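Thank you all for making the time this morning. I would like to walk you through one structure, beginning with how two of its helices pack and then moving on to its cores, its pockets and its cavities.

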Amino acid sequence: MLDVSQRLIPAQPPKAGFAAGPATQDAIKTVKLSLAYLPLARPISDAKVLTGRQKPMTEIAILIAEIETRDGHRGLGFSYSKRAGGPGQFAHALEVAPNLIGENPSDIAKLWDKLCWAGASVGRSGLASQAIGAFDVALWDLKARRSGLSLARLLGSHRDSVRCYNTSGGFLHTPLDQLLKNTDISREKGIGGIKLKVGQPDWALDIHRVSTVREHLGESFPLMVDANQQWDRPTARRMCRRLEPFDLIWIEEPLDCYDAEGHAELVRLFDTPIATGEMLTSPAEHWEFIRQRGADFLMPDAPRVGGITPYLRVQTLAEQAGMTLAPHFAMELHVHLAASHTREPWVEHFEWLEPLFNERLEIRDGRMQVPTRPGLGLSLSEQVAGWTVQQAEVGKRA
């Protein structure tokens, strides 16, 4: 029974909504696209070259997206292609770019879907999503800059630095004596791990190089190897067994990049962790490896999966499954994403993209420091103009 001393309080009328802030009213005004070819200092060879599947790599195609809003906010994004694919990415990006004009730059996930479905006839992975990746990275960069935060802080950073290992000094075209010098150079720079390329037709040469480098580095220094998909299942089992004594952090891409079942077998059979994922171009492809437990270290590449938005989906799925992430290449972008991982990640050190930007990452005590500048903290160098072969702008300037 209701106490007569209690009074019924009438419901309050709803308050008027707050006025929309400037960020909610902004709109994308222009999108500038550039295709540049970044030359490499020397031709690069891994196992795919020695097995005759590819030619040495001499340059990297870079797709650059620069987005500007009506209120004057800007974002910089990029994707890339090694060997073929650069002109295709540029053409696809140019074709779907008009879908961004007039849209709110904060609606990043919505815009990813819009761009994806605009070109869905040619697929929702591969070249099509890699073209979208440049826009997606630019939108995240814009959002972080407008917030006055680094991208890592915007995403929710768990750490101010990440473990890093060098790959560029360990390719198969490098003679063994130079390989040992490269490891010394990396350690002097403060890099915390070394990765070697393996997968030669003569497996004994692989074992000799790994054994020599392990002895040179000492027993405890982090060492990884990468076969670049050049072994079949029987060979992978034999090589993983022979590599067990070297206490490796991981054996990378021992099998074809789509062989989730084969990778899962290696995970079960051997103590040395298995790593893969860099060649996958969608969250769906990564999910197959997560579902089958086909890796100990999953290695998504944000530009290849279509940008930061799909990368975060892969990250969530992998972390839920207890996998550690070690994003592939593009350290200037991945250092921010790795800072947001729950589990301690590894980031790959490649100096190849450094000439594109005015800024440099800081490395010390085995770790890459996460930049604190707004957004990605990057600006294009003057050299980019000389490497640019195609350029276009969509939208209208005032």
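Before anything else, please keep in mind that what you see is a predicted model. Let me begin with helix 9, which runs over residues 233-243 and whose buried residues are Ala236, Met239, Cys240 and Leu243. These residues lie on the same side of helix 9, because they cover an arc of only 100 degrees around the axis. As for what they meet there, the buried residues of helix 9 pack against helix 8 (203-217) and helix 10 (260-269), and also against three strands, namely strand 6 (223-226), strand 7 (251-252) and strand 8 (274-276).

Helix 4 can be read in the same manner. In this helix, residues 108-118, the buried residues are Ile108, Leu111, Trp112, Leu115 and Cys116. Their arc around the axis is only 135 degrees, so they too are placed on the same side of helix 4. The partners against which the buried residues of helix 4 pack are strand 1, helix 3 (86-96), helix 5, helix 12 (302-305) and helix 13 (308-320).

That brings me to the nonpolar cores. The largest nonpolar core has 69 residues, and those that touch the most other members are Leu33, Ile62, Phe135, Leu333, Trp352 and Leu353. Helix 5 supplies the largest share of this core, with nine residues. If we single out leucine 333 and set aside residues up to four places away in sequence, it touches Phe78, Val137, Leu151, Ala302, Pro303, Ile308 and Leu376. There is also a second, separate core, made of 26 residues, with Ile207, Phe221, Ala227 and Leu248 included.

One residue that deserves a moment of its own is serine 150, which sits in the loop between helix 5 and helix 6 (151-155). Is serine 150 buried or exposed? With a relative accessible area of 4%, it counts as buried, because the cut-off for that term is under 20%. Apart from neighbours within four places in sequence, serine 150 is in contact with Ala144, His336, Pro371, Thr372, Arg373, Pro374 and Gly375. For one of these, proline 371, the separation from serine 150 is 221 residues in sequence, whereas in space the C-alpha to C-alpha distance is 7.0 Å.

Let me turn now from packing to empty space. Rolling a probe the size of a water molecule over the atoms shows where such space is left. The largest pocket has a volume of about 540 Å³. It is lined by 33 residues, of which Gln54, Lys82, Arg83, Met279 and Arg304 are the closest to its centre. Strand 3 (74-82), helix 5 (127-147) and strand 5 (194-197) are the elements that give two or more residues to this lining, and the largest share, three residues, comes from strand 3. By class, the lining of the largest pocket divides into 11 nonpolar, 11 polar and 11 charged residues.

The second largest pocket holds about 420 Å³ of space. Among the 17 residues that line the second largest pocket, Arg42, Ser168, Gly169, Glu351 and Trp352 are the closest to its centre; you may recall Trp352 from the list of residues that touch the most other members of the largest nonpolar core. Two or more residues of the second largest pocket's lining come from each of strand 1 (28-44) and helix 7 (176-188), and strand 1 gives the most, with five residues. Here the classes are six nonpolar, eight polar and three charged.

Finally, the structure holds two cavities of 30 Å³ or more. The largest cavity, at about 40 Å³, is lined by Met331, Glu332, Glu354, Glu359, Arg360, Leu361, Arg373 and Leu378. What classes do we find in the lining of the largest cavity? It has three nonpolar and five charged residues, with no polar ones.

The second largest cavity offers about 30 Å³, and the residues that line it are Asn166, Gly169, Gly170, Leu179, Asn182, Thr183, Ser186, Ile194 and Lys195. Helix 7 and strand 5 each give two or more residues to this lining, with the largest share, four residues, coming from helix 7. By class, this lining has two nonpolar, six polar and one charged.

With that I will stop, and I am happy to go back to any part of this.

Note on methods
Residues numbered from 1 in each chain as written. Predicted model: local features only at pLDDT ≥ 70, side-chain atom pairs only at ≥ 80, totals over all residues. Heavy atoms only, no water. Buried < 20%, exposed > 50% of the residue type's maximum accessible area, 1.4 Å probe, protein only. Arc of directions from axis to C-beta. Contact = heavy atoms within 4.5 Å. 1 Å grid on protein atoms, 1.4 Å probe; cavity = no way out; pocket = protein on both sides within 12 Å on 5 of 7 lines; lining within 4 Å. Points joined across faces, edges and corners; volume = space filled by probe spheres on them. Nonpolar A, V, L, I, M, F, W, Y, C, P; charged D, E, K, R; others polar. Core = buried A, V, L, I, M, F, W, Y, C linked by side-chain atoms within 4.5 Å.
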